[in-house]
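Open the model in your viewer and keep the sequence panel in sight. The tour goes from one selection to the next.

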Amino acid sequence: MGWYASDDDYGFIDYVWLENRASLIRTYDVELVPGLLQVEPYARAVISGAEPDATEEQISRWVEFRMNRQRILEGDTPVVLRAILSEAVLLRQVGGREVMAMHSITS
């Protein structure tokens with residue numbers, strides 16, 4: 001089993017299991033930066049907004065879970081990620097200007 005096996009309270013273990021076995025992931029989003037591309041402060045803002053009754057401990061655990069998912073994009077055989085984003089995703093300020101600046105494309 002992978003690193004995600006004990007986090008079944010998050011609700012989409014089957015999805016993460018499939019992600020871990022993929023060689024190519026394609027995604028299209030018009031609302032938010034996809035989880036595999038989110039920086040920690042952005043993920044925290046998204047999760048906090050979606051789960052207003054969650055404790056700080058739960059939010060931190062879910063943010064860590066999301067950041068761990070990104071490991072599939074690294075290593076010897078990383079997953080190829082092809083993402084198409086609506087311009088609105090880049091203009092929508094989630095977590096403030098500083099957080100959005102962390103998502104700016106520099107290359």
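Start with the largest pocket, which has a volume of about 180 Å³. This is a predicted model, and the values below are computed from it.

**The pocket**

Select Tyr15, Pro34, Gly35, Leu36 and Arg69. Of the 15 residues that line the largest pocket, these lie nearest its centre. Next, colour helix H1 (13-21), strand E1 (24-29) and helix H3 (56-69), the elements that give two or more residues to the lining. Which of the elements gives the most to the lining? It is E1, with 3 residues. If you colour the lining by class, you should find 8 nonpolar, 3 polar and 4 charged residues. As for how such places are found, rolling a probe the size of a water molecule over the atoms shows where empty space is left.

**The whole chain**

Now clear the selection and switch to a cartoon view. The protein chain has 5 helices and 2 strands. Followed from the N terminus, the elements come in the order α-β-α-α-β-α-α. Turn on the surface: the protein chain exposes about 7100 Å², and 52% of that is supplied by carbon and sulfur atoms. Of its 107 residues, 31% count as buried. Contacts are the next thing to display. Taking those between residues at least 6 apart in sequence, 69% join residues that are at least 24 apart.

**The cores**

Hide the surface and select Val33, Tyr42, Val46, Val89, Val94, Val99 and Met100. These 7 residues form the largest nonpolar core. Two elements, helix H2 (40-50) and helix H5 (97-101), each give two or more residues to this core. Apart from it lies another core, this one of 6 residues; Ala43, Ile47, Ala54 and Val63 are among them. Show the two cores in separate colours.

**A loop residue**

The last stop is Gln93, in the loop between helix H4 (87-91) and H5. Is Gln93 buried or exposed? Neither word fits: its relative accessible area is 49%, so Gln93 counts as partly exposed, the class between under 20% for buried and over 50% for exposed. Finally, add Leu32 to the selection and draw a distance between the two C-alpha atoms. Gln93 and Leu32 are 61 residues apart in sequence, and their C-alpha atoms are 9.8 Å apart in space.

How values were computed:
Residues numbered from 1 in each chain as written. Predicted model: local features only at pLDDT ≥ 70, side-chain atom pairs only at ≥ 80, totals over all residues. Heavy atoms only, no water. 1 Å grid on protein atoms, 1.4 Å probe; cavity = no way out; pocket = protein on both sides within 12 Å on 5 of 7 lines; lining within 4 Å. Points joined across faces, edges and corners; volume = space filled by probe spheres on them. Helix = DSSP H or I, 4+ residues; strand = E, 2+ residues; numbered from the N terminus. Nonpolar A, V, L, I, M, F, W, Y, C, P; charged D, E, K, R; others polar. Buried < 20%, exposed > 50% of the residue type's maximum accessible area, 1.4 Å probe, protein only. Contact = heavy atoms within 4.5 Å. Areas by Shrake-Rupley, 256 points an atom, 1.4 Å probe, with all protein chains shown as cover. Core = buried A, V, L, I, M, F, W, Y, C linked by side-chain atoms within 4.5 Å.
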